[in-house]
Amino acid sequence: MTTAACRRRRRRLGAVAAASLTVLATACTDPGSPADSDPAPGPAYSSYVALGDSFTAGPMIPPQIDSACARSGSNYPHAVAGTLGIDNFRDASCSSATTANLAGPQVVSSGVTVAAQYDALTPDTELVTVGIGGNDIGLVALAGSCLALDRSSGRAAAPAGPLCATANVRDGRDLVDRAIDDFAPTYGAIVQEIRNRAPDARILLVGYPTGIRDGGCYPDQPILPDDATYLQAKIDRLNAAMEQQADAAGVDYVDLRESTVGHDACQPSAQRWTEGLFPSQPAAPLHPNADGHRNAAEQVLVTIAE
């Protein structure tokens with residue numbers, strides 16, 4: 001890192017720490033919900049780029065500011081940028097994105113072509129968050145395959161046995177585990193490409209939140225107990241792979257798993273930060289709602305200040 005970059009990093013840390021302390025102090029007053037933090041006393045970073053998939057973009061959470069990518073103006077990158085007072089902010093996240101869409105264009109469901117997310121980076125970018133990988137290993141498709149539903153009525157309908165906890169095992173080998181393990185090194189490649197384009201940037205890989213509690217809550221959420229446990233185990237495995245790759249690359253990992261335990265899709269609406277199949281708050285099914293994004297912003301800010 002250059003001498004100038006080191007000086008910028010020292011100036012940033014004071015402001016980031018102040019912002020994060022504000023977040024933590026507010027969180028302590030109401031442990032049951034994410035904190036609403038006050039703005040930071042000054043910008044900690046002069047420029048910030050957010051990359052990611054729908055768990056970053058915030059589909060269906062108002063206000064929707066980009067219809068092509070179903071991107072919310074209340075997602076966690078916007079909350080982080082607002083708290084840190086960063087005006088030079090670009091949110092390139094896009095629903096349904098895979099890591100291929102970081103380097104290349106993405107054609108979304110409306111037929112619109114979205115530019116490669118890496119194009120948002122510049123040599124002067126100082127902060128980058130990345131939340132991606134679920135679509136590469138088919139996480140949403142896996143969740144859909146686990147649903148115990150009567151397809152004609154849309155209601156819970158218990159089959160004879162688990163739908164996905166056994167269907168994804170071949171010759172004693174778990175196919176989803178293999179997909180995650182094969183994909184894991186891609187995180188290292190992502191970090192390297194960001195460094196190539198933004199050499200002085202602080203990079204944070206942001207994990208996925210808790211989706212459903214161990215054993216689930218059938219029939220409130222139409223997924224059988226073994227399948228619920230299996231699905232969450234795969235989310236955890238992807239998070240673990242991301243964390244290991246972040247450590248190996250010398251960048252930060254933001255853990256959303258621990259802070260979202262007890263706020264999964266099985267919880268009452270007021271305590272739920274990840275919505276179930278039939279959302280009770282504005283959010284895409286099986287995705288974080290506005291409270292989930294506020295919590296993610298808190299975790300990002302705390303990680304920055306460490």
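**Disulfides and a helix crossing in a predicted model**

C69 is buried in this predicted model, its relative accessible area being 1%.

Student: Which cysteine forms a disulfide with C69, and is that partner buried or exposed?
Tutor: The partner of C69 is C94, and their sulfur atoms lie 2.0 Å apart. Since the cut-off for buried is under 20% relative accessible area, C94, at 0% relative accessibility, counts as buried.

Student: How many residues apart in sequence are the parts that C69 and C94 tie together?
Tutor: C69 sits in the loop between β2 (64-66) and β3 (71-72), whereas C94 sits in the loop between β4 (88-91) and α4 (100-103). The link itself is left-handed, with -90 degrees about the S-S bond. The pair therefore ties together parts whose separation in sequence is 25 residues.

Student: What is the handedness of the link of C146 and C164?
Tutor: These two cysteines form a disulfide with sulfur atoms 1.9 Å apart, where C146 lies in helix α5 (residues 139-146) and C164 in the loop between β9 (155-156) and β10 (169-170). With 105 degrees about the S-S bond, the link of C146 and C164 is right-handed.

Student: Where does C266 lie, the cysteine that a disulfide joins to C217?
Tutor: The sulfur atoms of C217 and C266 are 2.2 Å apart, and both residues are buried. C217 is in the loop between β12 (202-206) and α8, and 49 residues away C266 is in the loop between β13 (252-254) and α9 (290-305).

Student: At roughly what angle do the axes of helix α7 and helix α8 cross?
Tutor: α7 passes α8 in a right-handed crossing. The axes of helix α7 (residues 185-197) and helix α8 (residues 225-249) come within 8 Å, and they cross at roughly 45 degrees.

Terms used:
Residues are numbered from 1 along each chain as its sequence is written. This is a predicted model: local features need pLDDT of at least 70, side-chain atom pairs count only at pLDDT 80 or more; totals for chains, interfaces and linings use all residues. Side-chain values use heavy atoms; hydrogens and water are left out. Axes are lines fitted to C-alpha atoms, for helices over the stretch in contact, and angles run from 0 to 180 degrees between N-to-C directions. Helices (H or I, at least four residues) and strands (E, at least two) are DSSP runs, numbered from the N terminus. A crossing is left-handed if the near helix is turned anticlockwise from the far one by less than a right angle, and right-handed if clockwise. A disulfide is a pair of cysteine sulfur atoms within 2.5 Å. Buried means under 20% relative accessible area, exposed over 50%, partly exposed in between (1.4 Å probe, protein chains only).
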